[in-house]
Amino acid sequence: MENQYNYYNPGENDRNNIFDSQPRNVYGQHEPDGQPPKRRKKLPKGVKLVGAAIIFGVAASLAFSASNVVLGKLTGNSDGRQIIQEQKGISDSSNIELKHSSSTVMSDVSEVVQKNMPSMVSITNMSVQEVQSFFGGIQQRESESGGTGIIIGKNDSELLIVTNNHVVEGAQTLTVSFVDDTAVEASLKGTDPSKDLAVVAVPLDDIEASTMNAIQIIILGDSNSLQVGEPVIAIGNALGYGQSVTKGIVSALNRDLEMEGFDSKLIQTDAAINPGNSGGALLNANGELIGINTVKVNANAVEGMGYAIPISDANEVIETLMNRTTRAKVPEKEQGYLGIQGVDVTSDSAQMYNMPTGVYIAEVVRKGGADKAGISKGSIITKFDGITIDSMATLQEQLKYFRAGEEVEVVIQVPASNGEYEEQTVTVTLGKRS
């Protein structure tokens, strides 16, 4: 094997130089007398690569630390960390851009709740129900149920509250409790069973000044601008325990539930809606009313499916009910009588036979109110005093607020040619019950 180290041999002209007699290594350096030259070991390639990597890493770390210090001074962060405020947009290899949403996910809803709680009321419905007795007979029993209402407006003499029709249905007395726990008796302003809406009124004279200072009219939003996934808040008198709050998102829009006598497309939400929440508020992130809670799917295998009536769809009905004359129930002996025998035209029947929903007049009582007004057998009653009529039960419930001798407008659909119906408005003077 060839020697790794060689001596330096001076030329002839250098032999008289004392240093020339000393051995030299390959680099021309003198070696001490009498000692062999020191060997320099070569490093393996792997070790050289590892060392280079370590040196590069140290240098990169120092450079990164220096840049962080500079960045920290520019951004105001003492530790040099970069805070990303928003995601501008991400593109994948398919050129599909994922844009940052401008919607806010609510984690703290206390401000919205405090703002709107003064607009909420609890409603207690005292009614009389007929139940079967132990011996097979029928007896009447007083029943109490609860729900929620929303302060929607006021006129010169009344505070007006919107709720669901099924919250006030069959009520003998209605009691409204405000945010300060004061309770006042209310009267029914009007109902629309097909939309499950009702308006009740409380005389302003019956409300204390301190309560008037504690309550407020709710702010209406626009349910037509809602988007699926948008955050919402539900407030209501759940289970009759008092006002409570739940939150969720808009799960779906324009839901059509198959419920007899109900005609409205609904907002679906996963915010918890339980018995007693009916008539309560569904709010958007700005605290605006965008829905009136109405129903929860009641099934063992179903959770997180509640529904609300969109406020934009309900506005027209609510305004109509607010402008009605406030009425109290009339004693049974003094109630007016229309003078017909009717049969329900359900939504299924209406679709099958191409008829409008309402009450089909199967018989007209001779010399009764309907007979004197010219209403004939075969016509279908669709409205009574501006209220949508979808069944005999609804018609009979409305008649409880009218005395014999009063005049009322009745909208009927009259059979025409080719199986079609024509709408007519008839003024009927109600007769006495016999």
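Visitor: Which residues does glutamate 158 touch, not counting residues up to four places away in sequence?

Guide: Beyond those neighbours, glutamate 158 touches Lys189, Ala201, Val202, Pro203, Leu204 and Thr326, where a contact means heavy atoms within 4.5 Å. You are looking at a predicted model, where local features need pLDDT (the predictor's confidence in each residue, from 0 to 100) of at least 70, side-chain atom pairs count only at pLDDT 80 or more, and totals for chains, interfaces and linings use all residues. Residues are numbered from 1 along each chain as its sequence is written, and side-chain values use heavy atoms, leaving out hydrogens and water.

Visitor: Why is glutamate 158 called buried?

Guide: Its relative accessible area is 12%, and buried means under 20% (exposed is over 50%, partly exposed in between, with a 1.4 Å probe and protein chains only), so glutamate 158 counts as buried. Glutamate 158 belongs to strand E5, residues 158-163; strands (E, at least two residues) and helices (H or I, at least four) are DSSP runs numbered from the N terminus. The C-alpha atoms of glutamate 158 and alanine 201 are separated by 5.9 Å, with their positions 43 residues apart along the chain.

Visitor: What makes the largest nonpolar core a core, and which residues have the most contacts inside it?

Guide: A nonpolar core is a set of buried Ala, Val, Leu, Ile, Met, Phe, Trp, Tyr and Cys residues joined through side-chain atoms within 4.5 Å. The largest one here has 42 residues, and Phe178, Leu338, Ile381 and Leu395 have the most contacts inside it. Strand E20 (residues 407-415) gives the most to this core, with four residues. Apart from it lies another core of 30 residues, including Met117, Ala201, Ile233 and Leu266.

Visitor: How do you know whether leucine 399 is buried or exposed?

Guide: With a relative accessible area of 6%, leucine 399 falls below the cut-off, so it is buried. Leucine 399 sits in helix H8, residues 392-399. Among its contacts beyond four places in sequence are Leu338, Phe384 and Leu430. Its C-alpha atom is separated by 7.3 Å from that of tyrosine 337, although the two are 62 residues apart along the chain.

Visitor: And what about glutamine 398: buried or exposed?

Guide: Glutamine 398 has a relative accessible area of 5%, so this residue is buried too. Helix H8 also holds glutamine 398, whose contacts include Thr191, Arg324 and Phe384.

Visitor: What makes an empty space a cavity?

Guide: On a 1 Å grid over the protein atoms alone, a cavity is a set of points where a 1.4 Å probe fits but cannot get out; lining residues have an atom within 4 Å of a point. By this rule there is one cavity of 30 Å³ or more. The largest cavity holds about 70 Å³ of space, and its lining includes Leu188, Arg324, Gln398 and Tyr401. Strand E7 (residues 183-192) gives the most to that lining, with four residues.

Visitor: How far does the predictor trust this chain, given its mean pLDDT?

Guide: The mean pLDDT is 78, and 69% of the residues reach 70 or more. Over residues 1-21 the pLDDT is below 50, and this stretch has 19 contacts beyond near neighbours in sequence. Residues 69-104 are also below 50, with 18 such contacts. Where pLDDT is low, the predicted coordinates should not be read in detail.

Methods:
On a 1 Å grid over the protein atoms alone, a cavity is a set of points where a 1.4 Å probe fits but cannot get out, and a pocket is an open set with protein on both sides within 12 Å along at least five of seven lines; lining residues have an atom within 4 Å of a point. Grid points are joined across faces, edges and corners, and a volume is the space filled by probe spheres set on the points.
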